[in-house]
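The exercises below ask the reader to work from coordinates to a reasoned description, one step at a time. Please inspect the sequence and the structure before turning to the solutions.

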Amino acid sequence: MITGGDEKDTEIDEVIRFDGVSKRYGRRDSPAVRDLTMSVRRGELVALVGPSGCGKSTILRMVNRLVEPTAGRIVVDGRDTAHVDAVTLRRGIGYVIQAGGLLPHRTIRRNVATVPALLGWDDEVTRRRVDELLHLVGLDPWAYGDRYPAQLSGGQQQRVGVARALAADPPVLLMDEPFGAVDPVVRDRLQTEFRRIQTDLRKTVLFVTHDLDEAVRIADRIAVFSTGGVLEQFADPETLLSAPASDFVVEFIGSDRGLRRLAVTPIRADDLERPVVLAPGDGAAYAATALELDGRSWGLVVESDRVLGWVPRGRLTEAARSGGRGVRVGDHVREFTASIDAHETMRTAFSTLLAQESRFLPVLDGGSYVGVLTPDVVHTALRRGTAAG
Ligand code: ADP
């Protein structure tokens, strides 16, 4: 009995499963998708990436049966999609396409209410749900609800597209280059917002993009395809970037591999620099000597876990010489112009560092001192290889 239950759980945990799926359009020699076997777990966001024409959209469209597979089976939530009425299947799967795919002659509210209307929901329930979703995607329903799509920016239309796909709370979302039509700044914001929404909702998402950086930013796992719909690698972003499985993947990742890895490399306390820590009340002469003995040209000034700033050794030496015994470290502190949150990725940390004149910045966890980030720290973290440990 218990064993049976476990088996069922394992099966249920895979929300989308491709079993030897192939697709050939018409009489073409080369298939668009070749013998794909892959499964997506509940609550997971899987990005499908690869060059144009490698079958990404076809894979997505086979899930909601806009395209029928030539061979193989696709199982969604335990059911073979071939045996589910296509219209019923589509109502249970959110679908987001480029530019939102909104109906131009319907208001924003009516666009979002498309599936609830098809499902015959009560008007009041629908209205509440629509307003709740517009809030969720960052649009004020009172300001935007009665407008038409053309009266919204591209980014706003895209948000409405996401709201519409979520309307009937489907467990599965299919997203086909959803943020492809907006400019990079807006795309960046949409990605961040979508990631936030996904953290709360934990939908099972298949997300098509040709943009590897987008995939690295938002996906739990990434499936890389080559032309002919061949799955080259299916792995989490850090593994993909640090251990590409084939020459194709190496080439697809490109020479920016190191930079891309920064985006998936966490800050580890062990990697950070540990400079000499001084207290503001320490005497300048003592502090200068401590720095000299440790071969440091500067020291960090910390008081009960709070970083006050840093102090150059030369300044301490000079102050001690001219001011005598009374001179304290606290009189010569230079404040940092920025700090880094310990929960950021190395990419954010490094770019914060690059934006400052300083070659080092303190890393803080909830305001408390953890260590110091320098270019060497970034280098060490990248050289370490995969996420071991
Ligand atoms: P991607 O989304 O990776 O750009 P697609 O799935 O759109 O790739 O296309 C994969 C291959 O299938 C391409 O060679 C494309 O030309 C072909 N294809 C896609 N849709 C059709 C169709 N409706 N009829 C014929 N060929 C198609």
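**Exercise 1.** Is R73 buried, partly exposed or exposed, by its relative accessible area? Then describe the salt bridge in which R73 takes part with D19.

*Solution.* The model is a predicted one, and the assignment of R73 rests on a computed accessibility. Since buried means under 20% and exposed means over 50%, R73, with a relative accessible area of 35%, is partly exposed. The partner, D19, is also placed by its value, because a relative accessible area of 26% makes D19 partly exposed. In the salt bridge between D19 and R73, the closest N and O atoms are 3.3 Å apart. D19 belongs to strand β1 (residues 14–23) and R73 to strand β4 (residues 71–76), so this pair ties together parts that lie 54 residues apart in sequence.

**Exercise 2.** Characterise the salt bridges E193 with R159 and K203 with D169, giving for each the distance and the burial of the partners.

*Solution.* As a general starting point, side chains of opposite charge can pair when their charged atoms come close. For E193 and R159, the closest N and O atoms are 3.4 Å apart. E193 is part of helix α9 (residues 184–201) and R159 of helix α8 (residues 154–166), so the pair ties together parts 34 residues apart in sequence. Both E193 and R159 are buried.

For K203 and D169, the closest N and O atoms are 2.4 Å apart. This pair links distant parts of the chain, with K203 in the loop between α9 and β8 (204–208) and D169 in the loop between α8 and β7 (172–176), 34 residues apart. K203 counts as buried because its relative accessibility is 6%, whereas D169, at 47%, counts as partly exposed. Salt bridges that share partners also join E14, R17, D19 and R73 into one network, and the structure holds 19 salt bridges.

**Exercise 3.** What is the strand order of the open sheet of three strands, and which strands stand at its edges?

*Solution.* The order is β11-β12-β13, and the pairing is mixed. Because β11 (277–278) and β13 (306–312) each have a single partner strand, they stand at the edges, and one side of each is left without a neighbour in the sheet. Strand β12 (residues 298–303) is joined to β13 by six bridges, and these two strands run antiparallel; W298 stands opposite P312 in β13. Helix α15 (residues 313–323) lies across β11, β12 and β13, and runs at about 75° to β13.

**Exercise 4.** Which residues touch the most other members of the largest nonpolar core, and what surrounds I222?

*Solution.* The largest nonpolar core has 44 residues, of which V112, V162, M175, F179, F194 and I222 touch the most other members. Helix α8 supplies the largest share of this core, five residues. Leaving aside neighbours within four places in sequence, I222 is in contact with residues including A47, V49, V216, F234 and L240. A second, separate core of 27 residues includes V21, L48, I59 and V208.

**Exercise 5.** Where does R260 lie, and how does the domain assignment divide the chain?

*Solution.* R260 lies in helix α13 (residues 257–262), and R260 counts as buried because its relative accessibility is 15%. Apart from neighbours within four places in sequence, R260 is in contact with L212, D213, V216, L241 and I253. The assignment gives domain 1 (14–261) and domain 2 (269–388), and the centres of domain 1 and domain 2, taken over C-alpha atoms, are separated by 44 Å.

Definitions and conventions. Residues numbered from 1 in each chain as written. Predicted model: local features only at pLDDT ≥ 70, side-chain atom pairs only at ≥ 80, totals over all residues. Heavy atoms only, no water. Domains from an automatic or database assignment. Helix = DSSP H or I, 4+ residues; strand = E, 2+ residues; numbered from the N terminus. Buried < 20%, exposed > 50% of the residue type's maximum accessible area, 1.4 Å probe, protein only. Contact = heavy atoms within 4.5 Å. Salt bridge = Lys/Arg side-chain N within 4 Å of Asp/Glu carboxyl O. Pairing = 2+ DSSP bridges. Axes fitted to C-alpha atoms, helices over the stretch in contact; angles between N-to-C directions. Core = buried A, V, L, I, M, F, W, Y, C linked by side-chain atoms within 4.5 Å.
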